[in-house]
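The following note sets out points for consideration alongside the model. Please read them with the sequence and coordinates open.

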Amino acid sequence: MFDWNKGFVLDFDKATGLSAAAGSTKRPLSRMRGMYSDTAAEAEMIKNNDPLVYEFYELGAPDDAGDVAAGTSIVYPGKVGEEYFMTKGHFHTILETAEIYYTLSGTGYMLTENTQGDWRAHKLEAGKMVYVPKGYAHRSVNTGDTPLVTFFAFRGDAGHDYGTIEDKGFRKLIVCRGGVPELIDNPKWK
C-alpha cells in the first residue's frame with residue numbers, strides 16, 4: 001500500500017515473513033521441465049506427484065527505473081535424481097543489474113555465472129548475504145532438509161531473462177553424492 005507520507009508501507013506476517021501485498025508465483029516440477037540433468041527421474045516425479053520445487057513472492061513495490069524491487073523466495077528440500085531442488089535461474093533483461101540475496105532460513109548455494117565463463121558457488125545460510133554482480137545469471141539451490149528462504153532486492157525495471165537459462169542451462173550442477181553436496185560440470189551445458 002502507498003502512503004504519501006511514508007512511501008510504500010508493507011505489513012509483514014511474522015509467521016511467514018510475507019507481505020499481504022506479495023504476489024505469488026509457484027513452480028512445480030512440471031514448470032521446470034528440462035532444467036534437471038536426470039530427465040527420466042524428472043518425468044517420473046512429474047507423473048507421480050509433480051512436487052512444488054519453489055515459489056517466490058514479489059512484495060508489491062514499483063517496477064520503474066530508480067525503484068527497488070524486492071521479494072522472498074522459498075526453495076523446498078528435495079532432489080530430482082541426485083540433483084537438489086533449485087530455482088530456474090535467470091539473467092536480468094537489463095544486464096547492468098546487480099541483486100542481493102539475504103538468507104532468512106535454510107541452507108544451500110547460490111550459483112552465479114556470466115557469459116564470459118566466470119562462475120561461483122556461494123554458500124547460503126541464515127544471516128548471510130550474497131551479492132550477485134551485474135551481468136551474472138543466478139540460481140538458488142537447496143541442499144538442506146528444510147525450506148531455503150531468502151529475501152532479494154534489485155532495480156525495479158531490471159526484468160528477467162529466463163529463456164537463456166532454459167536454453168543453455170548453467171555450467172555447474174550441485175548434486176548429492178555420499179550424502180553431501182558436490183559441484184559437478186553440467187553434462188547438458190551448451
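**Notes on the predicted model**

1. Of the protein's 190 residues, 42% are buried, that is, under 20% relative accessible area with a 1.4 Å probe and protein chains only. This is a predicted model, in which local features need pLDDT of at least 70, side-chain atom pairs count only at pLDDT 80 or more, and totals for chains, interfaces and linings use all residues. Residues are numbered from 1 along each chain as its sequence is written, and side-chain values use heavy atoms, with hydrogens and water left out.

2. The secondary structure comprises 2 helices and 15 strands, taken as DSSP runs (H or I, at least four residues; E, at least two) and numbered from the N terminus.

3. An open, antiparallel sheet is formed by 6 strands in the order S3-S4-S5-S13-S8-S11, where pairing requires at least two DSSP bridges between two strands. Its edges are strand S3 (23-28) and strand S11 (129-132), each of which pairs on one side only. Within the sheet, S4 (residues 52-58) and S5 (residues 68-75) are joined by 5 bridges, and Tyr-54 stands opposite Val-75 in S5.

4. The largest nonpolar core (buried Ala, Val, Leu, Ile, Met, Phe, Trp, Tyr and Cys residues joined through side-chain atoms within 4.5 Å) has 34 residues, and Leu-29, Met-32 and Tyr-36 have the most contacts inside it. Among the elements giving two or more residues to this core are helix H1 (39-48), S4, S5 and strand S13 (148-155).

5. Which residues does Tyr-36 contact, leaving aside its neighbours within four places in sequence? With contact meaning heavy atoms within 4.5 Å, the partners of Tyr-36 include Leu-29, Val-53, Phe-85 and Lys-188.

Key:
Buried < 20%, exposed > 50% of the residue type's maximum accessible area, 1.4 Å probe, protein only.
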